[in-house]
Amino acid sequence: MRTSFLAACCAIALLALACSKQEPAPAPAAKSDPKREQIARGEYLAAAGDCYACHTVRGGQRYAGGLPIPTPFGVLYTPNITPDQTTGIGTWTADDFWRAMHEGRSKDGSFLYPAFPYTNYTKVTRADSDAIYAFVMSLKPVQQKSRPHEMGFPYNQRQLMAGWRALYFKPGEFKDDPKQSPEWNRGAYLVEGLGHCNACHATRNALGAITEDDDYSGGLIPVQNWYAPSLTSSRETGLGDWELKEIVDLLRTGVSDRSAVFGPMAAVVMHSLQEMSLADLNAMATYLKAQSEKKASTPLLASGPSDEQTAAMMKSGAKIYKDTCESCHQPNGEGVARVYPPLANNPAITMRNPVNPIRMVLSGGFPPSTEGNPRPYGMPPFYQELSNEQVAAVVTFIRASWGNSATPTTPAEVARSRGVPAD
């Protein structure tokens with residue numbers, strides 16, 4: 001009897017042991033790595049700031065600098081920001097990096113030229129600056145000396161930047177507006193700070209300064225000869241009547257049902273905006289839609305053609321359009337959604353400065369190849385096929401047809417976009 005009882009107890013114990021082997025205890029949760037998380041966040045923020053595009057030469061090492069930035073005052077070359085100890089910023093501390101972002105000063109205290117957009121980056125929080133620093137310090141060091149700038153006198157005298165800074169630069173982190181939503185404030189932080197959108201989409205004075213932080217009224221990028229249109233709700237791009245999704249699509253993929261991006265903006269979408277989260281792109285779109293024009297449009301100084309000349313250009317332009325453009329952009333100018341952008345009611349065509357449609361007719365181009373639009377359709381160049389007069393005629397026709405009502409274009413404007421002095 002006792003033997004049977006002991007045998008039963010052993011059997012029960014063995015059965016329990018077998019069951020415990022069949023159902024292993026859950027593995028402990030993986031421990032978070034704060035340093036790795038900070039680096040990953042820094043990589044995302046560096047993409048939001050478009051750091052790669054400026055600090056990497058095509059075909060060169062990542063973040064090793066050397067990209068020429070032509071300005072009206074001379075040519076600047078972006079520095080090596082890899083953690084190389086001798087030619088990069090490997091000896092910089094997080095405090096040094098923060099001072100560059102927040103105050104526009106190098107490690108040795110010298111003034112940085114505002115081609116490095118510290119006038120925007122000053123709004124970045126210390127925590128975000130530290131995250132970008134952690135990411136940069138995690139990069140592979142590249143030994144490549146930074147190329148010296150080619151600035152004529154007096155612009156090569158950095159100490160003279162003190163006067164410019166006293167007039168046009170005030171350091172300070174971004175502060176939320178308690179009257180606005182969290183999404184609006186996030187969008188403002190990205191657009192005004194890391195995104196530095198007004199570095200292109202604002203009017204600059206003779207000293208290259210933007211006098212209003214929230215100026216998004218549009219401006220000519222003189223050396224590149226592209227016009228960055230207004231981002232306000234009331235003029236040119238007309239973001240006020242765009243759906244949020246349409247703005248987000250354009251920022252994320254480079255194309256939307258309304259338009260497509262070309263030129264310098266295509267690079268911004270490729271290297272920066274497509275990497276951002278939908279939540280952040282929605283926040284940026286929310287902020288941009290809320291902006292209104294704060295000053296009157298500055299009229300263009302160039303005198304236009306007479307009514308008789310305009311009528312002749314419209315007739316010639318209509319024939320050129322039919323023979324050259326109609327098969328893609330359609331007889332009614334509506335294009336093909338997300339393939340060939342519409343020309344009718346397209347603010348990129350009807351903005352006050354016609355340089356962008358001129359550049360597209362002359363040079364052609366593609367929207368960026370992005371995850372959301374991996375095989376973009378492009379436009380061939382007509383640089384060799386069309387004369388200045390013919391380009392002016394077809395651009396004039398496009399800007400005044402299908403409900404468009406923009407001013408006519410002159411051959412002299414086309415000549416400037418070719419890089420040939422006007423007669």
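**Close-up 1. Strands S2 and S3 pair up in the antiparallel sense, with 2 bridges between them.** This is a predicted model, so everything in these views is read from computed atoms. On the S2–S3 side, look for Gly74, which stands opposite Met151 in S3. Zoom out a little and you'll find that 3 strands make an open sheet, in the order S1-S2-S3, with antiparallel pairing. What stands at the edges of this sheet? Strand S1 (68-71) and strand S3 (150-151) do, and each has a single partner strand, so one side of each has no neighbour in the sheet. If you're new to sheets: strands pair through backbone hydrogen bonds, and they can be parallel or antiparallel.

**Close-up 2. S1 and S2 make a hairpin.** Just 2 residues sit between the two strands. S1 and S2 run antiparallel and are joined by 4 bridges. Find Thr71 and look across: it stands opposite Gly74 in S2. You've met Gly74 already, since it also stands opposite Met151 in S3.

**Close-up 3. Tyr52 and Tyr63 meet as an edge-to-face aromatic pair.** How many aromatic pairs does the structure hold? There are 14 of them, and this view picks out the one made by Tyr52 and Tyr63. Their ring centres are 5.9 Å apart, and the planes make an angle of 85°; anything over 60 degrees counts as edge-to-face. Tyr52 belongs to helix H3 and Tyr63 to the loop between H3 and S1, so the pair ties together parts that lie 11 residues apart in sequence. Are the two tyrosines buried or exposed? Tyr52 is partly exposed, at 30% relative accessibility, while Tyr63 is buried, with a relative accessible area of 5%. Phe135 joins in too: ring pairs link Tyr52, Tyr63 and Phe135 into a cluster.

**Close-up 4. Here is the second largest pocket, with a volume of about 840 Å³.** Its lining has 40 residues, and the closest to the pocket's centre are His55, Pro79, Ile81, Leu112 and Phe116. Which elements give two or more residues to this lining? They are helix H3 (51-55), strand S2 (74-77), helix H4 (94-103) and helix H6 (126-137). Sort the lining residues by type and you get 24 nonpolar, 11 polar and 5 charged.

**Close-up 5. Cys197 and Cys325 are cysteines without a disulfide partner.** How many disulfides does the model have? The count is 0. For Cys197, the nearest cysteine sulfur is that of Cys200, and it is 9.0 Å away. A disulfide needs the two sulfur atoms within 2.5 Å, so that gap rules one out. Cys325 tells a similar story: its closest cysteine sulfur is in Cys328, 8.6 Å off, which is too far for a bond. Cys197 counts as buried, because its relative accessibility is 16% and the buried class covers values under 20%. Cys325 counts as buried as well, at 13%.

**Close-up 6. Pro182 sits in helix H8 and is exposed.** Helix H8 covers residues 182-194. The relative accessible area of Pro182 is 69%, and exposed means over 50%. Now look for Ala283: Pro182 and Ala283 are 101 residues apart in sequence, yet in space they are 8.6 Å apart, C-alpha to C-alpha.

Note on methods: Residues numbered from 1 in each chain as written. Predicted model: local features only at pLDDT ≥ 70, side-chain atom pairs only at ≥ 80, totals over all residues. Heavy atoms only, no water. Buried < 20%, exposed > 50% of the residue type's maximum accessible area, 1.4 Å probe, protein only. 1 Å grid on protein atoms, 1.4 Å probe; cavity = no way out; pocket = protein on both sides within 12 Å on 5 of 7 lines; lining within 4 Å. Points joined across faces, edges and corners; volume = space filled by probe spheres on them. Nonpolar A, V, L, I, M, F, W, Y, C, P; charged D, E, K, R; others polar. Pairing = 2+ DSSP bridges. Phe/Tyr/Trp six-rings, centres within 6.5 Å; stacked < 30°, edge-to-face > 60°.
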